[in-house]
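This briefing covers strand order, strand pairing and nonpolar cores. Please look over the sequence and the model before reading on.

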Amino acid sequence: MVLAFSAHACTGDGGTAPPADAFQLVITVPAAGAPSGGRFVTQPVVEVRDANGRRVTSDNGTLVTASLTPVAGQGVLVGTTAVASVGGVATFADLGLRGIAGTAYSVTFSVPGLPSVSQQVIASPGAAVALRLERSASDAPSGSPFVVQPRVEVVDAQGNVVTTATAPVTLTVSAGATAVGTTTVNAVAGTATFTTAGIGGTAGTPYTLTYASPGLAAVTQSVVPTPGLTPTRLTVITNASGAVNGIAFGTQPVVALRDDAGNIVPTSSASVTLHVDGGASVIGTTTVAAVSGVAVFSTAGLSGTAGTTYTLTFTSPGLSPTSQSVVAVAAPAAATQLAILVPAAGAASGGPFGTQPAIALRDAGGNTVTTDNGSVVTATLTPVGGSGALIGTATAQALGGVVTFADLGLTGISGTTYTLTFTRSGLPPVSQPITASPGAAVGLRMERRAVGAPSGGAFATQPRVEVVDAQGNVVTGSSAVVSMAASSGATAVGATTASAVRGTATFVTAGVRGVAGTTYTLTFSASGLGAASQTIVPVPGAVASISMPRDSTTLLLRQAQAITPVARDDAGNVVSGVVFAWGSSDPAVVAVAGDGTATALATGAAIVSASVGAIQAQQRVGVIAFASIENRCALTTAGKLYCWGANDYGAVGDGTFTDRANPVPIAPAMTFTRVYSGIHYACAIAVDGSAWCWGANANYRTVGNGSTVNENIPRAVAGGLTFRELSLQHYFTCGVTTSDAAYCWGSTPAGLSPTPAPVSASAALRTVSIGMRHACGITPAGDVLCWGENTVRQLGDTVFQFRTTPAPLFSPLQASAVAAGAYRNCAVATSGGTVCWGEGTRDPIPVPGAPPFARLVASPNHTCGLTASGVAYCWGANESGQLGNGGAPSGSGVPVAVAGGLQFRTLSAFQSSTCGVTIDFVSYCWGRFTDLSAATPTSAVSAVPQPLRLP
């Protein structure tokens, strides 16, 4: 490398003048490593120095420019060619050059006014980007190496050979030809030289050779193969024909010698020899030398049996042979026999044979009588097991001694071997065996019926359907797709299509969804094959849903009720025998047993659930407790009213005139403190003391609201009075206000009154009880007063006189409780004991054997008392068991204890029954339950207490 340095005074106005003490440029770091097209490996550094060779450190901003001297027009700098000095130093960062590898270039650095400096740098190859053909392949005999082998260079973007490259280069050829020899060569010093490459292809056809290497641009050339150098096989160009016994072929054979690509090898003169098989012999010249790759026979022939097909084979040492067939021809004699030339084959039942039979008429020497053009041959079939018959035309006429059938076939059982016989008059018959195969598919047949159909699930036994031909043979070659559908009202489920395998479609997960017990039709069909069907009756499937008998139910305290959920499958069928898992959201309120029996343990509500796996149904169960029962109405401990029974007068109070066998809530928005029931109507006292009545009103105005119609919902009693208690019977209603004033309405002893009327201006009463057409009450001082009808001394007076206002008994009585029956009254005397009068008896008579009672209740024909400890006793008529002691229906004149050892907080007596609520709020009734249908689960009559229950 030669560097030149010079210095000049700075004059003129070109560029930026250097500092006053700048005198020269010095290359302190020469550029080195110059890959063409890239940056110098070592970037140059140039300093600005003074005359004494010291760097001018104050020099900042002087532009130092680099330039390149081209060689033969080649070479140019790349990157940033001008750099400003910093502290007297210009440092280049990305300077490089593009040029011819191996060429030395001069790089000059200059600043106006200062002498320039130069250095020499030699370009080297850049990064490999492409391939280039240095020498094309030429002279390409097919299947052999190129005479001139190709050479391929690895070059950079400027075309320099990248001498460091060792990349593999692969040769491929376009469609129709094949690359041969070694087709992948690694580059050495950037050049890949092939040595054994070549192609096999059709001579004279241009093909494209492509040279490729990963990541580099490929290069191509065109090459036209010539015929190969060595033949590898023989082919017949012209077949021998006209093979009359003992003379040369009418048409002589011509055989070509070809290379692997099928090109005739024109340089070959190999010998080709003719051979014949099957007992015949060749005649004439049988070995011929090829000329320009083609062997032409001229006198060859054969000697053999007339009508026999022989194979001619042509061979040449080291080459693959070739062959052809030829039929020997001879002058025939008279026919003496039949021979099967072409056996019938392909016996698809119901159709023509795939190969139609051909029968030869031959002479005694086995030669076909070619002059026979009229003999008729008949075909027959021997049945097997009574089945099998020929179809099509069973006779055919000879032509040139050969009888060929055209549409002969058979119908029979697939797999059965039949005997097919051919006859001609005067000649022995000939036969062949033939085995029937399935014919064309024409229909479907149930091979196995579906059995066991849980709705929505898979059949227990899956159906199998066969594809059959017209004779019923299974078409084993069929893969038809068979679909299953269900008749209206049902749905096919699961995999409803199955592809036939060897002619049988086997379903694996098919099923049906439908109404259990209903007969449906399953239809199996396939395109073009009609259908097969069967009937199926689904049974309930897997549980898909559970429903409770109702969304909500109400139980009385201590009542047990079986909840019977219904499980259904996804088609809505009831699934029987299901074992449910039971639960209660609040077992302290409602406990539920494993059989679904819910028991009310405390007032409130709980959600009872029945489940099967993840499927669940719920029912709300509310628990109420009656505080009191009056004939056909009851009041809960929360003051809510329930009524039931005959409702032709609206006595239930639910807004209808429909009988209610079971209790229904009445005026649920209201709260009451007492409830009373008459014969066809009822009344209740609200928490504010107001009285409300409903039911029969048209005849006797017993509702007290002034209306003249029967009322089917509670109506407020007119007058705005505040009542402490009421008493009802049939014809009228009475009540006592909180200020001890007595009022009556309806058909009262004082006359008809549609609204409350005072009983007496002078008599104050703290309690009142109504009989049939009379009433009795007790004053605040304890005196018993009665008024109304006195036909049987029910007023306790000697004179049978109707009184409209209350009056004392003939024998004055003070009492703490009084209960009026139809024509008889009883009271708890303050002096002790219980007394009764009426029914012909004027004076109160002590009830024998009566314990001390705190309260009394009476019906038209029996009376009950309740002791202070809650023990109940009853006496009187007992034809329906209303005394509750389990005794005879003849009744009792003395009080008898109600069976069961129960303690009651309230009692009520009706026409032929009695009810009470125990101290722990459990309701019981006994007697006749005509109007209490919910009272007992076993009978309409009970002589002992039965727990009252809600449905």
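**Sheets and cores**

One open sheet has 5 strands in the order β24-β32-β31-β26-β28, with mixed pairing. Its edge strands, β24 (243-244) and β28 (287-289), each pair on one side only. This is a predicted model, in which local features need pLDDT of at least 70, side-chain atom pairs count only at pLDDT 80 or more, and totals for chains, interfaces and linings use all residues. Residues are numbered from 1 along each chain as its sequence is written, and side-chain values use heavy atoms, leaving out hydrogens and water.

**Terms for strands**
- Strands are DSSP runs (E, at least two residues), numbered from the N terminus.
- Two strands pair if DSSP finds at least two bridges between them.

**Pairing in the sheet with β24**
- Strands β26 (271-276) and β31 (309-315) run antiparallel and are joined by 4 bridges.
- His 275 has Thr 313 in β31 as its bridge partner.

**A sheet with β34**
- Another open sheet of 5 strands, with mixed pairing, follows the order β34-β43-β42-β37-β39.
- Because β34 (347-348) and β39 (395-397) each have a single partner strand, one side of each is left without a neighbour in the sheet.
- The antiparallel strands β42 (417-424) and β43 (427-437) are joined by 7 bridges.
- Phe 422 is opposite Val 430 in β43.

**Nonpolar cores**
- A nonpolar core is a set of buried (under 20% relative accessible area, 1.4 Å probe, protein chains only) Ala, Val, Leu, Ile, Met, Phe, Trp, Tyr and Cys residues joined through side-chain atoms within 4.5 Å.
- The largest nonpolar core has 26 residues, and Phe 40, Leu 97 and Phe 109 have the most contacts inside it.
- Two or more residues of this core come from each of β1 (24-29), β4 (45-49), β5 (63-69), β10 (104-111) and β11 (114-124).
- Apart from this core lies another, of 25 residues, including Phe 459, Val 465, Ala 510 and Ala 526.

How values were computed:
Buried < 20%, exposed > 50% of the residue type's maximum accessible area, 1.4 Å probe, protein only.
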